[in-house]
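Student: Could you take me on a close look at one spot in this structure, and then work outward from there? I would like one connected account rather than a list.

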Amino acid sequence: MFITDLRKNFYDVVANQRVALLVAADIDALCACKILQALFHCDQIQYTLVPVTGWQDLSTAFLEHKEQFRYFVLINCGANVDLLEMLQPDDDSIFFICDTHRPVDVVNVYNDTQIKLLIKQDDDLGVPAYDDIFRDDEDGGDSGNESDEGSEPSGKRRRFDEGAIERRIERQRAKREWEARRREILFDYEQYEYHGTSAAMIFFELAWVLTKDTKDMLWWAIIGLTDQWVHDKITHMKYVSDIATMQRHVSRHNHRNEDEENSLSIDCMRISFEYDVRLTLYQHWSLYESICNSYYTACCFKLWTLKGQKKLQEFLADMGLPLRQVKQKFNSMDITIKENLRDVIEESSNKYGMKDIRIQTFGVHFGFKNRFLASDMVHAAAALLESTEKEQNDTTDNFIKALDSLSRNNLDCLKAGIDLAKKKLIAIQQTVASCICTNLILSQGPFLYCYLIEGTPDVKLFSKPLALTLLCKYLLKAFVHSTRNKRCKLLPLIMAAPKDVEKGTVIVVGIPPDSETSDKKNFFGRAFEKAAESTSSRTLHDHFDTSIIELKTEDRSKFLDALITLLS
Amino acid sequence: MDPSEVEFLAEKEFVKIIPNFSLDKIYLIGGDLGPFNPGLPVDVPVWLALNLKQRQKCRILPLEWMDVEKLEEIRELERKEDAFTPAPSSYYMELTKLLLNHASDNIPKADEIRTLVKDIWDTRIAKLRLSADSFIRQQEAHAQVTQIMGINHKAVRFISYQQEIQA
């Protein structure tokens, strides 16, 4: 059931209890976790934090902890599947689920006792009405009635029997019709997968209601929202309206302390609204590198072609920026250039067809040196979360490191994350360039398909879901810009990359077509399931996003064929 | 004494806070505290004030000597006199560090206060060095030191040890 009053029905309930926090491995979940941890520290609520990367992890974690804990808080996992059936909990376990995955499973919505959903109901949920999908079975009563009636005197029995049989046939027909309609409604409801309001924002609102919201929590909520935008989980409209909500909170915080006479210490955190250029990490890199490695500019200029490189040089000349300045670290650029940089870039980019070079976002500023944009933090934390630096990929270690990098006092963690993010972006750009130049993207009819071969450089980086999704998005955009085929521009993309060499598996990701007004609804989850069933391929649907699966390398071709037939 | 011990003792000083919760009077070994009512100022020791601040249950009001004009006066006085002048409080350095690290958003002009306190500290340390130096050169047996605070004791021992080695 949905919880509307978070404070009364969630926070006060867990106030004196021990809670198990099961957190999924994405940045929004990490931010929500940080906010909740800060609230728990304020009120000294004991909790255990367990990172989970998939359904199997979730089940194992639940089995380990179900003896000691009665209250479980699930962040960004658990809403889109029948949780009670999967976990088989005892009757007194209560689950609080704050998840952005939609559609929410109908069993979770209509369960009144054990499942509490911390989800805002004004999201476009579209949950089917109760009576359309559940109904009490009346057949047992009817047939009992009929047998009673059958003991009537024999003279009247024949007539009653005919009436009774007709009524029974009528009821059965109605039941079949109802069931057919139910299947249709459920199919429509569960067909497309999409995302709702950020979990971090929901917990920030809880903090606000408790008047325990601080600037740190506000910043984490902003990072959670930006993560949804960077990894393409929400539509542009929703992003803009959520930014407006956050902007109200930011102005509230800024008005509280700033005064002409009593200005704040320089060490205090200042969050400001920025209408900044869409160049990833540009303040921590050189402007030139940032333009080359941000997907928006790289795709619009087509930087994998020679013509594109020339266009870039023209663009820089048009802005009046000398190459020497542009290629050095951003912080060492001339102050006169840095002052009007955004306006200059916007003006010139309009001439080159990049209309949305600027995007609304927030930046933070504390101490004398430290300025970060929300998207910088998202990229850094994502790079740390999925880092393949160490040989044994310890997911818990990476999780804790990424969690630490979000705090203000772990700046070297954050710097390390930014370096990893730079390497990741460069790897993505190079892979995109090679895929386009060698025509690795094939049109299979209803969708586009690309497979990264074993020996591709940095392929280990792309065995992780977030990195692969980012690569997918950039590749699709680049493809749309480079192809002449009008039909291909509207196709979705499926990408496969080797995941585990010893086990011989690949990770497969599907994303919806790239368009300005896309509603980001992804139908590949159901499609993958059906295709796997029909070909009995050995697949693992372990990830919380149903559009990301693991597949055995040998079954790849028959799986693809099944998909093609399914989607044509 | 260890600097951490000195800081521990500094936390016993009282500071005014404005809580946002209510609680009856609490009876602790060190004394009675409270009652706490939202919006009404109450005196508590610094250790409790910092704990409550970190749990976002109160707002700390700046100490009366933590004011830019007062500190400027004290600094000028310190610079003029050769001997030590009364410091703002017995534990001014420790209190400044604690309060400005944890509650700098409640204290106006925190950066200037930090600079001024550091100036006062530097002046006093310089005087200490000078006097310890002259003390050892003149081979005096006793010296009268007034107005030196706990954290300076350790500085005295260190400086005199240094001087001993040089002499």
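In which helix of chain A does Val326(A) lie? And what surrounds that residue?

Tutor: Happy to. Please keep in mind throughout that this is a predicted model.

Val326(A) lies in helix 15 of chain A, which covers residues 323-326. Its relative accessibility is 0%, which is why Val326(A) counts as buried. Leaving aside residues up to four places away in sequence, Val326(A) touches five others: Ser286(A), Leu287(A), Tyr288(A), Leu316(A) and Leu321(A). There is also a distance to trace on your screen: the C-alpha atoms of Val326(A) and Ser290(A) are 9.9 Å apart, while 36 residues separate the two in sequence.

Let's move to another helix of chain A. Helix 9, residues 199-209, is mostly covered, with 8 of its 11 residues buried. The buried ones are Ala199(A), Ala200(A), Met201(A), Ile202(A), Phe203(A), Phe204(A), Leu206(A) and Ala207(A). Both ends of helix 9 have a detail to look for. At its start, Ser198(A) brings a side-chain oxygen to within 3.2 Å of the backbone nitrogen of Ala200(A). Just past the other end of helix 9, Thr211(A) has a positive phi of about 50°.

Now for charged pairs. Over all chains, the whole structure holds 32 salt bridges. One of them joins the side chains of Lys233(A) and Asp227(A), with N and O 4.0 Å apart. Lys233(A) and Asp227(A) are both buried.

Another salt bridge in chain A pairs Glu346(A) with Arg358(A), where the closest N and O atoms are 2.8 Å apart. This pair links distant parts of the chain: Glu346(A) sits in helix 17 (residues 341-351) and Arg358(A) in strand 9 (residues 358-366), 12 residues apart. How covered are the two partners? Glu346(A) has a relative accessible area of 24%, so Glu346(A) is partly exposed. Arg358(A) has a relative accessible area of 13%, so Arg358(A) is buried.

For a salt bridge within a single helix, turn to chain B. There the side chains of Asp122(B) and Lys118(B) meet, N to O, at 3.3 Å. Both residues belong to helix 5 of chain B and are 4 residues apart, about one turn of the helix. An α-helix has 3.6 residues a turn, so residues three or four places apart point the same way. Asp122(B) is partly exposed because its relative accessibility is 37%, and Lys118(B) is partly exposed because its relative accessibility is 40%. Some salt bridges share partners, and in this way Glu274(A), Asp276(A), Arg342(A) and Arg371(A) are joined into one network.

Since we have reached chain B, here is its overall layout. Chain B has 6 helices and 5 strands, arranged along the sequence as α-β-β-β-β-α-β-α-α-α-α. Of its 167 residues, 42% are buried. Among contacts in chain B with a separation of 6 or more, 68% are between residues 24 or more positions apart. The chain exposes about 10000 Å², and carbon and sulfur atoms supply 53% of that area.

Finally, look at where the two chains meet. Chain B brings 11 residues to the contact and chain A brings 17 residues. About 990 Å² is buried between chain B and chain A, with carbon and sulfur atoms giving 43% of it. Three residues, Arg55(B), Gln56(B) and Asp111(B), supply 48% of the area that chain B buries against chain A, more than any other three residues.

The interface has 1 salt bridge. Its partners are Lys57(B) and Asp43(A), whose closest N and O atoms are 3.3 Å apart. In addition, 2 residue pairs across the interface of chain B and chain A count as being in polar contact. On the side of chain B that touches chain A, helix 5 (residues 110-137) gives the largest share, 3 residues. Sorted by class, that side of chain B has 6 charged, 3 polar and 2 nonpolar residues. Helix 5 is also the helix that holds the salt-bridge partners Asp122(B) and Lys118(B).

Methods:
Residues numbered from 1 in each chain as written. Chains lettered and ligands numbered in written order. Predicted model: local features only at pLDDT ≥ 70, side-chain atom pairs only at ≥ 80, totals over all residues. Heavy atoms only, no water. Helix = DSSP H or I, 4+ residues; strand = E, 2+ residues; numbered from the N terminus. Buried < 20%, exposed > 50% of the residue type's maximum accessible area, 1.4 Å probe, protein only. Contact = heavy atoms within 4.5 Å. Areas by Shrake-Rupley, 256 points an atom, 1.4 Å probe, with all protein chains shown as cover. Buried area = accessible area lost by both parts, 1.4 Å probe. Polar contact = N/O pair within 3.5 Å; in protein donor to acceptor, adjacent residues only side chain to side chain. Nonpolar A, V, L, I, M, F, W, Y, C, P; charged D, E, K, R; others polar.
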